[in-house]
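Here is a set of short exercises to work through with the model open in your viewer. Try each task yourself before you read the solution.

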Amino acid sequence: MDQLLTVPQAAARLNTSVRFVRRLVAERRIEFVKVGRHVRISESALTAFVVAGTVAPLTAHDITGRAA
């Protein structure tokens with residue numbers, strides 16, 4: 001089982017504010033676990049969120065429409 005992170009720990013791993021992570025949870029844009037009234041985010045959910053937002057770089061072919 002993955003380690004469950006608190007909201008401040010998740011924010012530190014993403015290098016963002018705690019408010020941003022709380023917004024992700026409120027908008028249900030990231031998978032989370034409720035433990036009583038506490039919110040925890042698994043490391044795999046955090047990784048999946050980052051991977052889903054990763055954008056591949058453009059190549060010369062993408063820009064010009066022809067091979068470099």
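**Exercise 1. Classify Glu43 by its accessibility, then find its salt-bridge partner.**

Solution. Begin with the relative accessibility of Glu43, which is 26%. Buried would need a value under 20% and exposed one over 50%, so Glu43 counts as partly exposed. Bear in mind that this is a predicted model. Next, look for a side chain of opposite charge: Glu43 forms a salt bridge with Arg13, and the closest N and O atoms are 2.9 Å apart. Finally, place the two residues. Glu43 belongs to helix α3 and Arg13 to helix α1, so this pair ties together parts that are 30 residues apart in sequence.

**Exercise 2. Count the salt bridges in the whole structure, and work out which residues are joined into one network.**

Solution. A search of the whole structure gives 3 salt bridges. Take Arg23 to start: Arg23 pairs with Glu27, with the closest N and O atoms 3.7 Å apart. Then follow Glu27, whose side chain also meets that of Arg29 in a salt bridge at 3.2 Å, N to O. Shared partners thus join Arg23, Glu27 and Arg29 into one network. To finish, check the accessibility of each member:

- Arg23 is partly exposed, at 42% relative accessibility.
- Glu27 is partly exposed, at 43%.
- Arg29 is partly exposed, at 44%.

As background, side chains of opposite charge can pair when their charged atoms come close.

**Exercise 3. Derive the strand order of the sheet and name its edge strands.**

Solution. First look at β1 and β3, which are joined by 2 bridges and run antiparallel. One residue pair to inspect is Leu5 with its bridge partner Ile41 in β3. Then turn to β2 and β3: 3 bridges join these strands, again antiparallel. Here Lys34 has Val39 in β3 as its bridge partner. Put the pairings together and you have an open sheet of 3 strands in the order β1-β3-β2, with antiparallel pairing. The edge strands are β1 and β2 (33-35), each of which pairs on one side only. As a last step, examine the hairpin of β2 and β3: there are 2 residues between the strands, and Gly36 takes a positive phi near 65°.

**Exercise 4. Which residues make up the largest nonpolar core, and which elements supply at least two of them?**

Solution. The core has 12 residues: Leu5, Val7, Ala10, Ala11, Val21, Leu24, Val25, Ile30, Val39, Ile41, Ala45 and Leu46. Mapping them onto the secondary structure, α1 (7-14), α2 (18-26), β3 (38-42) and α3 (43-52) each supply at least two residues. In soluble globular proteins, nonpolar side chains tend to be buried together. Now zoom in on one member, Val39. Leaving aside residues up to four places away in sequence, Val39 touches Leu5, Thr6, Val7, Val25, Phe32, Val33 and Lys34.

**Exercise 5. Is Ser42 buried or exposed, and what does it touch?**

Solution. Locate Ser42 in strand β3. Its relative accessible area is 10%, and the cut-off for buried is under 20%, so Ser42 is buried. Its contacts, not counting residues up to four places away in sequence, are Asp2, Gln3 and Leu4.

**Exercise 6. Find the residues of a nonpolar surface patch and explain how Leu4 can belong to it.**

Solution. Met1, Leu4, Val33 and Val35 make a nonpolar surface patch of about 400 Å². Leu4 sits in strand β1 (residues 4-5). Patch members need over 30% relative accessible area. Leu4 has 31% relative accessibility, so it counts as partly exposed.

**Exercise 7. How far apart are Arg22 and Val7 in sequence and in space?**

Solution. Start from Arg22 in helix α2, which is partly exposed with a relative accessible area of 48%. Along the sequence, Arg22 and Val7 are 15 residues apart. In space, their C-alpha atoms are 7.1 Å apart.

Key
Residues are numbered from 1 along each chain as its sequence is written. This is a predicted model: local features need pLDDT of at least 70, side-chain atom pairs count only at pLDDT 80 or more; totals for chains, interfaces and linings use all residues. Side-chain values use heavy atoms; hydrogens and water are left out. A nonpolar core is a set of buried Ala, Val, Leu, Ile, Met, Phe, Trp, Tyr and Cys residues joined through side-chain atoms within 4.5 Å. Buried means under 20% relative accessible area, exposed over 50%, partly exposed in between (1.4 Å probe, protein chains only). Helices (H or I, at least four residues) and strands (E, at least two) are DSSP runs, numbered from the N terminus. Contact means heavy atoms within 4.5 Å. Patches are made of residues with over 30% relative accessible area and no salt bridge: like charges are joined within 9 Å, nonpolar side chains (Val, Leu, Ile, Met, Phe, Trp, Tyr) within 5 Å. Accessible areas come from the Shrake-Rupley method with a 1.4 Å probe; for residues, only the protein chains shown count as cover. A salt bridge is a side-chain nitrogen of Lys or Arg within 4 Å of a carboxyl oxygen of Asp or Glu. Two strands pair if DSSP finds at least two bridges between them.
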